[in-house]
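Biologist: I would like to take a close look at a single part of this model, and I would be grateful for an explanation that a first-year student can follow from one step to the next.

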Amino acid sequence: MSTAPSPRRSEAARLIIVMGVSSSGKSTTGKAIARRLHLPFLDGDGYHPPENVEKMRAGTPLTDADRWPWLERLAQALHEAAGQKGAAVGACSALRKSYRDYLVEKAGEPILFVYLKGDRSVIAERMARRQHEYMPQSLLESQFATLEEPDPAIENVLVLDVREPVETLATRAVKAVDHLRSFKRGQ
Ligand SMILES: Nc1ncnc2c1ncn2[C@@H]1O[C@H](COP(=O)(O)OP(=O)(O)OP(=O)(O)O)[C@@H](O)[C@H]1O
Ligand SMILES: O=C(O)[C@H](O)[C@@H](O)[C@H](O)[C@H](O)CO
């Protein structure tokens with residue numbers, strides 16, 4: 001399962017954001033994509049204000065109001081990284097469409113979203129096996145409740161299956177952003 005984004009809309013993107021619920025593999029896949037493209041990788045986890053981290057650690061889901069300043073900081077940092085390095089890769093849950101629209105607005109440029117799609121059982125199993133600094137397993141349900149899956153007919157998104165190996169996911173994403181490599185070669 002892999003749905004290519006519209007070439008017309010992805011053409012201009014120099015930002016790639018790997019999105020999905022907690023433990024879907026955003027950081028792992030985002031790093032792999034950035035490594036392949038020789039681009040900086042910015043993990044959304046590092047842009048939360050301390051209050052958000054404490055909230056999640058305590059098992060309370062974030063609200064929209066908690067997320068706006070976080071999204072703004074991340075979008076700004078991605079925009080700056082792309083300005084310096086030509087393009088950049090990020091990881092961010094970006095669960096709602098309004099959050100994705102906000103990221104595009106605040107970054108001030110098109111973004112190709114790479115959505116790691118997976119069902120609860122696969123992701124819950126993964127979450128149970130990994131260690132995370134603050135994200136408890138109890139928050140996975142609220143992540144799925146908040147998730148508004150991106151529709152490739154409406155958004156600039158590549159949909160990938162979380163069950164595929166990381167390197168396969170990275171290959172698929174890199175193919176979708178071939179224009180980024182041309183961009184870098186042209187520099
Ligand atoms: N494609 C994959 N196949 C198998 N395991 C994977 C895959 N991608 C990631 N993992 C594993 O799943 C776990 C979660 O991955 P990762 O930390 O990248 O997710 P995340 O979406 O960034 O999570 P969070 O948003 O909570 O930080 C890790 O143990 C990672 O090694
Ligand atoms: O939107 C959210 O609820 C948060 O971003 C979470 O998704 C965490 O940041 C992350 O996934 C945990 O590492």
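Which classes of residue make up the shell around ligand 2, and how many residues does each class have?

Modeller: Please keep in mind from the start that this is a predicted model. By class, the shell around ligand 2 is made of 3 nonpolar, 3 polar and 2 charged residues. The residues in question are S22, D45, L62, R67, S93, L95, H132 and M135, and several of them lead on to other parts of the chain, which I will take in turn.

Let us begin with H132, which sits in the loop between α6 (120–129) and α7 (140–146). H132 has 14 other C-beta atoms within 10 Å, and because a residue counts as exposed at 12 or fewer and as buried at 20 or more, H132 is classed as partly exposed. If you look from H132 towards W68, you will find that the two are 64 residues apart in sequence, while their C-alpha atoms are 23 Å apart in space.

W68 belongs to helix α4, and so does R67, one of the residues that meet helix α5. R67 is thus a useful residue to follow, since it is listed around ligand 2 and also takes part in the contact of α4 with α5. On the side of α4, which covers residues 64–85, the contact includes R67, W68, L71, E72, A75, Q76, L78 and H79, and on the side of α5 it includes Y99, Y102, L103, K106 and A107. Counted by class, this contact of α4 with α5 has 8 nonpolar, 2 polar and 3 charged residues.

The geometry of this pair can be described with a distance and an angle: the axes of α4 and α5 (residues 97–107) are 8 Å apart, and the two helices pack at an angle of about 45°. An angle of about 45° is over 35 degrees but under 65, and α4 is therefore oblique to α5. The crossing in which α4 passes α5 is right-handed.

Just before α5 comes the loop that runs from β4 (88–91) to α5, and A94 is found in this loop. Its neighbours in sequence, S93 and L95, are both among the residues around ligand 2. A94 has 29 other C-beta atoms within 10 Å, and because 20 or more are enough for a residue to count as buried, A94 is buried. The backbone deserves a second look here, since phi of A94 is near 45°, a positive value in a residue other than glycine. Most residues other than glycine have a negative phi. H38 offers a second case, with a positive phi of about 55° although it is not a glycine. H38 lies in the loop between α2 and β3 (41–43), and H38 is exposed, with 11 other C-beta atoms within 10 Å, whereas A94 is buried.

S22 takes us from ligand 2 to the other ligand, because S22 is listed around ligand 2 and is also one of the residues that come nearest to ligand 1. There are 20 residues around ligand 1, and the ones that come nearest are S22, G25, S27, T28 and R130. By class, the shell around ligand 1 has 6 nonpolar, 10 polar and 4 charged residues. R130 lies in the loop between α6 and α7, which is also where H132 is placed. R130 is exposed, with 11 other C-beta atoms within 10 Å.

Helices contribute to the shell around ligand 1 as well: α2 (26–37) and α8 (166–176) each supply at least two of its residues, and α2 gives the most, with 4 residues. These two helices also meet each other, with T28, T29, A32, I33, R36 and L37 in α2 in contact with V166, E167, L169, A170, A173 and V174 in α8. In class terms, the contact of α2 with α8 has 8 nonpolar, 2 polar and 2 charged residues. Their axes come within 9 Å and cross at roughly 55°, so that α2 and α8 are oblique to each other, and their crossing is right-handed.

To place all this in the whole chain, you can note that there are 9 helices and 6 strands, and that 41% of the 187 residues count as buried.

Terms used:
Residues are numbered from 1 along each chain as its sequence is written. Chains are lettered from A and ligands numbered from 1 in the order in which they are written. This is a predicted model: local features need pLDDT of at least 70, side-chain atom pairs count only at pLDDT 80 or more; totals for chains, interfaces and linings use all residues. A residue is near a molecule or strand if its C-beta atom, placed from the backbone, lies within 6 Å of it. Ala, Val, Leu, Ile, Met, Phe, Trp, Tyr, Cys and Pro count as nonpolar, Asp, Glu, Lys and Arg as charged, and the others, Gly among them, as polar. Axes are lines fitted to C-alpha atoms, for helices over the stretch in contact, and angles run from 0 to 180 degrees between N-to-C directions. Angles under 35 degrees count as roughly parallel, over 145 as roughly antiparallel, 65 to 115 as roughly perpendicular and the rest as oblique. A crossing is left-handed if the near helix is turned anticlockwise from the far one by less than a right angle, and right-handed if clockwise. Two residues are in contact if their C-beta atoms, placed from the backbone, lie within 7 Å.
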